[in-house]
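Reader: I would like to learn how to read the pairings and contacts of a model like this one. Please take one feature at a time.

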Amino acid sequence: QVQLVESGGGLVQAGGSLRLSCAASGSMFSTNTMGWYRHFPGKQRELVSSITTGGSTNSADSVKGRFTISRDNAKNTVDLQMNSLKPEDTAVYYCYSGAYDESGLHEYWGQGTQVTVSS
């Protein structure tokens, strides 16, 4: 099992910045993807950014150029630096970890942290 604990959400004005952090503990797979999803009320959870153990990243078009994802493999942490925040970024953000083994996909989620951007 893997436990993910997020921190860093909060309230910020439009144009401001926030940094989300996620620390993983437990039995992490040596090769895995960590990242951030967000959930808007009434909609499905969507990918914000992800990063593999090897450093390959994937981000939603809506955040490219504004959000930067990074990870520390030794510490099993993943951070999301969010700049130039917009009101439409307001959502609950979830830390994610996923990996495949012979039995299939294993996915883990944090408890979520609220990000609110005021106009």
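Reader: In which sense do E4 and strand E5 pair, and over how many bridges?

Author: A caution to begin with: this is a predicted model. E4 and E5, the latter covering residues 46-52, pair in the antiparallel sense, and the pairing runs over 6 bridges. For a register mark, take Met-34, which stands opposite Ile-51 in E5.

Reader: How many residues lie between the strands in the hairpin of E4 and E5, and which residue takes a positive phi?

Author: The hairpin has 6 residues between the strands, and Gly-42 is the one with a positive phi, near 80 degrees.

Reader: In which sense do E4 and E9 pair?

Author: Antiparallel again: E4 and E9 are joined over 7 bridges. Here the register mark is Trp-36, which stands opposite Cys-95 in E9. As a general point, side chains in a regular strand alternate between the two faces of the sheet.

Reader: Cys-95 is a cysteine. Which residue does a disulfide join to Cys-95?

Author: The partner is Cys-22, with an S to S distance of 2.0 Å. A search of the whole structure finds 1 disulfide. The pair links distant parts of the chain, since Cys-22 lies in strand E3 and Cys-95 in strand E9, 73 residues apart.

Reader: Why is the disulfide of Cys-22 and Cys-95 called left-handed?

Author: The sign of the torsion decides. About the S-S bond the torsion is about -85 degrees, so this disulfide is left-handed.

Reader: Are Cys-22 and Cys-95 buried or exposed?

Author: Relative accessibility gives the answer, with buried meaning under 20%. Cys-22 has 2% and therefore counts as buried. Cys-95, at 0%, is buried as well.

Reader: Next, charged pairs. How many salt bridges does a search of the whole structure find?

Author: The search finds 5 salt bridges. One of them joins Asp-79 to Arg-19, with the closest N and O atoms 3.2 Å apart. In sequence the partners are 60 residues apart: Asp-79 belongs to strand E8 (residues 77-82), and Arg-19 to strand E3 (residues 18-26).

Reader: Is Asp-79 buried or exposed?

Author: Asp-79 is buried, because its relative accessible area is 17% and the cut-off for buried is under 20%. Arg-19 has 41% relative accessibility and so counts as partly exposed.

Reader: With which side chains does the side chain of Asp-79 make a polar contact?

Author: There are two to list. The Arg-19 side chain is in polar contact at 3.2 Å, and the Ser-21 side chain is in polar contact at 3.0 Å. Setting aside residues up to four places away in sequence, Asp-79 also touches other residues, among them Leu-20, Cys-22, Trp-36 and Thr-68. Cys-22 is thus a residue that Asp-79 touches and a partner in the disulfide.

Reader: Which residue meets Asp-89 in a salt bridge?

Author: Arg-38 does, at 3.0 Å from N to O. This pair also links distant parts of the chain: Asp-89 sits in the loop between E8 and strand E9 (91-101), Arg-38 in strand E4 (residues 33-39), with 51 residues separating them. Asp-89 has a relative accessible area of 1% and is therefore buried. Arg-38 is buried too, because its relative accessibility is 3%.

Reader: Which residues are linked with Arg-38 and Asp-89 in a network of salt bridges?

Author: Glu-46 and Arg-66 are linked with them in the network.

Reader: And are Asp-61 and Lys-64, which meet in a salt bridge, buried or exposed?

Author: Their side chains come together at 3.1 Å, N to O. Exposed means over 50% relative accessible area. Asp-61, at 65%, is therefore exposed. Lys-64 has 52%, so Lys-64 counts as exposed too.

Reader: One last item, Thr-57. Where is Thr-57 found, and what is in contact with Thr-57?

Author: Thr-57 is found in strand E6 (residues 57-59). Leaving aside neighbours within four places in sequence, its contacts are Ser-50, Ile-51 and Ile-69. Ile-51 is also the residue in E5 that Met-34 stands opposite. For a distance along the model, the C-alpha atoms of Thr-57 and Ala-91 are separated by 21 Å, the two residues being 34 residues apart along the chain.

Technical notes. Residues numbered from 1 in each chain as written. Predicted model: local features only at pLDDT ≥ 70, side-chain atom pairs only at ≥ 80, totals over all residues. Heavy atoms only, no water. Salt bridge = Lys/Arg side-chain N within 4 Å of Asp/Glu carboxyl O. Helix = DSSP H or I, 4+ residues; strand = E, 2+ residues; numbered from the N terminus. Buried < 20%, exposed > 50% of the residue type's maximum accessible area, 1.4 Å probe, protein only. Disulfide = S-S within 2.5 Å. Polar contact = N/O pair within 3.5 Å; in protein donor to acceptor, adjacent residues only side chain to side chain. Contact = heavy atoms within 4.5 Å. Pairing = 2+ DSSP bridges.
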